[in-house]
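Work through the following exercises with the sequence and the model side by side. Each task is followed by a solution that goes step by step.

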Amino acid sequence: FVLTPTTQEVCQGKAVTMETDVNFNGATGSYQWQKSSNGGVTWEDITTTGTDATEYADATTKSLKILAASKGMLFRVIVADQATGQCSDTSDQASLSVLELPEAQFRLLSSKLAVCVGDESVKLGFTATKGTSPYTFDYTTNGSSPKKAKTEVSDQLLIATDQALATTTYMMNRVTDARGCYRDYSQSLAVEVNPIPEADFTLVDNIGCSPLTVSFRDAYAKTGRTVEWTFGDGKAITTSNAITDHIYSSEKPANITFKATMKATEKGCSRSYEQRVYLQPNPTADFDVSAYELNSYEPRVETKNKSDRALRYVWSFGDGSLPLEETSPTYTYAGKPGEYNIRLIAISKGKNCSDTAVRKVLIPEELIYYVPNTFTPNGDANNNTFQPVFTSGYDPQDYTFLIFNRWGDLIFESHNSSIGIS
């Protein structure tokens, strides 16, 4: 009798049948299939119990069914005359080779997590290992009829990115190798071609002096949108707020231009936009006055402006009068005694571009007193005492009253303005 075929190849996990052809010359016979996993050194019967029951069927018939091939094996069959049981024979061995199944991967070939309009060479990649190349991949797009991609090792589907597209779901269903062995998959990949977001912003107070607070206002702020602000001074922040404030400062008395950039991102896609911030040197306010103590009879003061980097000046003189906008004004007070602060505000172009200088001037009280030219020390109620009479402008703690006769002799001395000679 013969055993056919003598050698078989089968894909891993697939079923296969071993056949024998026996001529019993009209008699009936019995069959017992055997297996060997060590190259024919030892053999064992295939039974209907244990693991054999799940891996084999019909082991006592002319056709052995291997239900799910997992590894290479040798097989043979022993046949006997069923009537006498005395006549038996063993077949030649047959080999079964199990072919490894291919394994596939399916992914987006992109350096970014998202696909954006205008991206170049965005592809879906099919790759396979194991098995035998070339490979064929079965896939669908949005539930379409099955499509095929065939390659020696991998295949790539170019995704059109010339316009925004709604989500496309790609489903890889099967990979098949050159020997017909296949592995089924249900691996899906959703791809959305997202639009490039708009990028624009306005600046509030972007010209000024240190410290300068500039307000950055995103013109397209919305939920799901983030903005990376790069302020041009070495600092940056990422936020979803519509308004972001930033303070620019510098110790250098020079004009400095900062390039401020926004990078707006929505669904992984980005666009950038930039504007300028101009930091100007702060002005310095300084001035001199013609005198710090003014003449009470003509309380006039002259100023000399020594400010630097200023375009406009505002003066106030501390007496409630309206400010003056002159370079170096001359001012006359009303004459009321007291201390007055002269304040100069030097202003240049831009926000926060001002400086203040203050000088204090004094208008002293006018000394007003009366000295009688006669008195009558006769003991009545009138003019019995001779002494100066002060109304203003004197210090009682700094008072001295001396009277001399015609020969220059001191005849009276007082340090109390309320005590005179009588």
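**Exercise 1: the disulfides**

C116 and C269 form a disulfide, with their sulfur atoms 2.0 Å apart, where a disulfide is a pair of cysteine sulfur atoms within 2.5 Å. The model is a predicted one, in which local features need pLDDT of at least 70 and side-chain atom pairs count only at pLDDT 80 or more, while totals for chains, interfaces and linings use all residues. Residues are numbered from 1 along each chain as its sequence is written, and side-chain values use heavy atoms, with hydrogens and water left out.

Task: Describe the link of C116 and C269, and then find which pattern the disulfides of the protein chain follow.

Step 1. The link of C116 and C269 is left-handed, with -100 degrees about the S-S bond. C116 belongs to strand β12 (residues 115–116) and C269 to strand β26, so the pair ties together parts that are 153 residues apart in sequence; strands here are DSSP runs (E, at least two residues), numbered from the N terminus.

Step 2. C116 counts as buried at 1% relative accessibility, and C269 counts as buried at 0%, where buried means under 20% relative accessible area, exposed over 50% and partly exposed in between (1.4 Å probe, protein chains only).

Step 3. Another disulfide joins C11 to C181, with an S to S distance of 1.9 Å. Its torsion about the S-S bond is about -90 degrees, so the disulfide of C11 and C181 is left-handed. Both C11 and C181 are buried.

Step 4. C209 and C353 are also joined by a disulfide, S to S 1.9 Å, and because the torsion about the S-S bond is about 105 degrees, this disulfide is right-handed. The pair links distant parts of the chain, 144 residues apart, with C209 in strand β20 and C353 in the loop between β31 (338–347) and β32 (354–363).

Step 5. The structure holds three disulfides, and with bonded cysteines counted along the chain their pattern is 1-3, 2-5, 4-6.

**Exercise 2: the open sheet**

Task: Determine which strands stand at the edges of the open sheet of five strands, and why one side of each is left without a neighbour.

Step 1. The strand order is β20-β26-β25-β22-β23, with mixed pairing; two strands pair if DSSP finds at least two bridges between them.

Step 2. β20 (207–209) and β23 (236–239) are the edge strands, and each has a single partner strand, so one side of each lacks a neighbour in the sheet.

Step 3. At the β20 edge, the pairing with β26 (residues 269–280) is parallel and runs over three bridges, and I207 has Y278 in β26 as its bridge partner.

**Exercise 3: the surroundings of F287**

Task: Classify the ring pair of F287 and W315, and find which charged end sits over the ring of F287.

Step 1. F287 counts as buried at 0% relative accessibility. The ring centres of F287 and W315 are 5.0 Å apart and the planes stand at 75 degrees, so the pair is edge-to-face; rings of Phe, Tyr and Trp (its six-membered ring) pair if their centres lie within 6.5 Å, and planes under 30 degrees apart count as stacked, over 60 as edge-to-face and the rest as tilted.

Step 2. F287 lies in strand β27 (residues 287–289) and W315 in strand β29 (residues 312–316), so the pair ties together parts 28 residues apart in sequence.

Step 3. F287 and W315 belong to one aromatic cluster with F317, Y331, Y333 and Y340.

Step 4. The charged end of R359 sits over the ring of F287, 5.0 Å from its centre; the criterion is NZ of Lys or CZ of Arg within 6 Å of the ring centre and within 35 degrees of the ring normal.

Conventions: Helices (H or I, at least four residues) and strands (E, at least two) are DSSP runs, numbered from the N terminus.
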